[in-house]
Amino acid sequence: MSTSPSHLPDHHPITPRRVSFDWRETPLLWIPDEPTATHVINVLHLLLPAGERWFVKVFREALPLIRDPQLLKDVKGFMGQEATHSVQHSFVLDHLAHQGLDTGPYTRHVDFLFEHLLGEKPPFGIPVPEPEWQRFRLSLIAAIEQFTAVLGNWVLHAEGLDRAGPDPVMLDLLRWHGAEEVEHRAVAFEMYQHAGGEDPARYVRRILGMAVTAPVLLYLWAWGAAYLLRHDPQLATRSRYSLREHNRAVRKGLLPTWRELGAAIPRYLRRSYHPSQEGSLRTAVAYLASSPAARAAVGRAAIS
């Protein structure tokens with residue numbers, strides 16, 4: 001079993017937060033004149049409601065495997081945060097639909113992926129023992145959380161987004177979510193290390209989890225961006241996703257670089273790796289203390 005920083009005296013507690021976002025004034029093109037950057041980031045809203053519900057479900061099934069009290073607290077805090085993320089991104093889907101962008105034809109495929117292909121039992125009757133299937137799904141969550149930590153750290157420091165004059169509510173959603181991803185960046189990895197069996201099989205499965213996760217995420221993201229651009233009712237002509245436009249947005253600091261995303265993979269595959277190396281906890285916690293959505297929710301709770 002790996003040594004976990006959750007056992008250190010200054011361990012940071014993982015707790016869900018109340019947030020309140022008002023989407024009434026948020027335009028569909030929330031980064032002005034940047035449809036590709038807007039919709040590449042909007043893919044988050046397509047993937048996360050179903051994906052984070054799935055995280056919670058898999059972790060709930062695995063709770064009996066946890067023998068460490070501190071890890072159990074962290075996992076429950078992680079589950080609370082992920083459930084809140086899922087709900088808030090679902091509200092964005094409703095907002096997109098209200099503005100004429102129906103995401104249902106895409107999100108139905110995402111729901112099928114998480115509910116059936118990655119459900120409680122292996123799909124198509126594949127003869128994988130139940131404990132091994134559970135460990136495999138935990139390895140996928142750990143790999144996905146590697147990317148969410150990298151993206152969370154990126155958005156907290158994305159000065160290019162600030163310069164572009166984005167909608168402040170959407171930017172706050174992304175930074176609040178990103179900050180919590182940095183805050184709980186180690187929990188899924190520690191859960192996998194704790195419940196993923198013994199090495200060398202545990203390490204091999206960690207590699208497999210990333211080998212499955214990285215290409216599937218890339219495919220889903222490209223498909224999602226293409227779908228959103230093609231169906232955006234406010235664009236004068238039907239747009240197509242293109243690498244040229246994507247890379248232009250990267251150069252302007254509106255999207256993370258391919259190097260930032262790609263370098264996350266070999267880091268994760270090192271035997272000595274631990275996600276506490278990703279991002280700055282201090283920066284994340286500072287943003288969470290100042291997030292307008294979190295402060296608004298606290299204010300409304302105090303009034304009620």
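User: How far apart are the end C-alpha atoms of helix α4, and what span should its 27 residues have?

Analyst: In this predicted model, the end C-alpha atoms of α4 (residues 130–156) are 39 Å apart, which agrees with the 39 Å expected at 1.5 Å a residue. The expected span is 1.5 Å times one less than the number of residues. Helices are DSSP runs of H or I with at least four residues, numbered from the N terminus. Residues are numbered from 1 along each chain as its sequence is written, and side-chain values use heavy atoms, without hydrogens and water. Local features need pLDDT of at least 70 and side-chain atom pairs pLDDT 80 or more, whereas totals for chains, interfaces and linings use all residues.

User: How many residues of α4 are buried?

Analyst: Of its 27 residues, 21 are buried, so α4 is mostly covered. Buried means under 20% relative accessible area, exposed over 50%, and partly exposed in between, with a 1.4 Å probe and protein chains only.

User: Which residue forms a salt bridge with glutamate 61?

Analyst: Glutamate 61 pairs with arginine 137, the closest N and O atoms being 2.4 Å apart. Because glutamate 61 lies in α1 and arginine 137 in α4, the pair ties together parts that are 76 residues apart in sequence. Arginine 137 is buried at 2% relative accessible area, whereas glutamate 61 is partly exposed at 23%. A salt bridge here is a side-chain nitrogen of Lys or Arg within 4 Å of a carboxyl oxygen of Asp or Glu.

User: How many salt bridges are found in the whole structure?

Analyst: The search finds 16. One of them joins the side chains of arginine 267 and glutamate 278, at 2.9 Å from N to O. Arginine 267 lies in α10 and glutamate 278 in the loop between α10 and α11 (281–290), so this pair ties together parts 11 residues apart in sequence. Salt bridges that share partners also join Glu34, Glu245, Arg248 and Lys252 into one network.

User: Turning to α10, what is leucine 261 in contact with, leaving aside its neighbours within four places in sequence?

Analyst: Leucine 261, in helix α10 (residues 258–269), is in contact with Phe147, Val150, Leu151 and Pro256. Contact means heavy atoms within 4.5 Å. Leucine 261 and phenylalanine 147 are 114 residues apart in sequence and 7.2 Å apart from C-alpha to C-alpha.

User: Where is the cis peptide bond from aspartate 199?

Analyst: That bond leads to proline 200, with omega near 5°, and proline 200 is in the loop between α7 (187–195) and α8. Aspartate 199 also meets arginine 202 in a salt bridge of 3.3 Å, N to O. Arginine 202 is buried at 5%, and aspartate 199 is partly exposed at 39%.

User: And which residues have a positive phi without being glycine?

Analyst: Aspartate 33 has a phi near 60°, and phenylalanine 124 has one of about 60°. Most residues other than glycine have a negative phi. Aspartate 33 lies in the segment before α1 and is exposed at 67% relative accessible area. Phenylalanine 124 is in the loop between α3 (104–117) and α4 and is exposed at 74%.

User: Is threonine 26 buried or exposed?

Analyst: Threonine 26 is buried, with a relative accessible area of 2%. Threonine 26 sits in the segment before α1 (35–62), and its contacts beyond four places in sequence are His95, Gln99, Asp167, Val169 and Met170.

Technical notes. Helix = DSSP H or I, 4+ residues; strand = E, 2+ residues; numbered from the N terminus.
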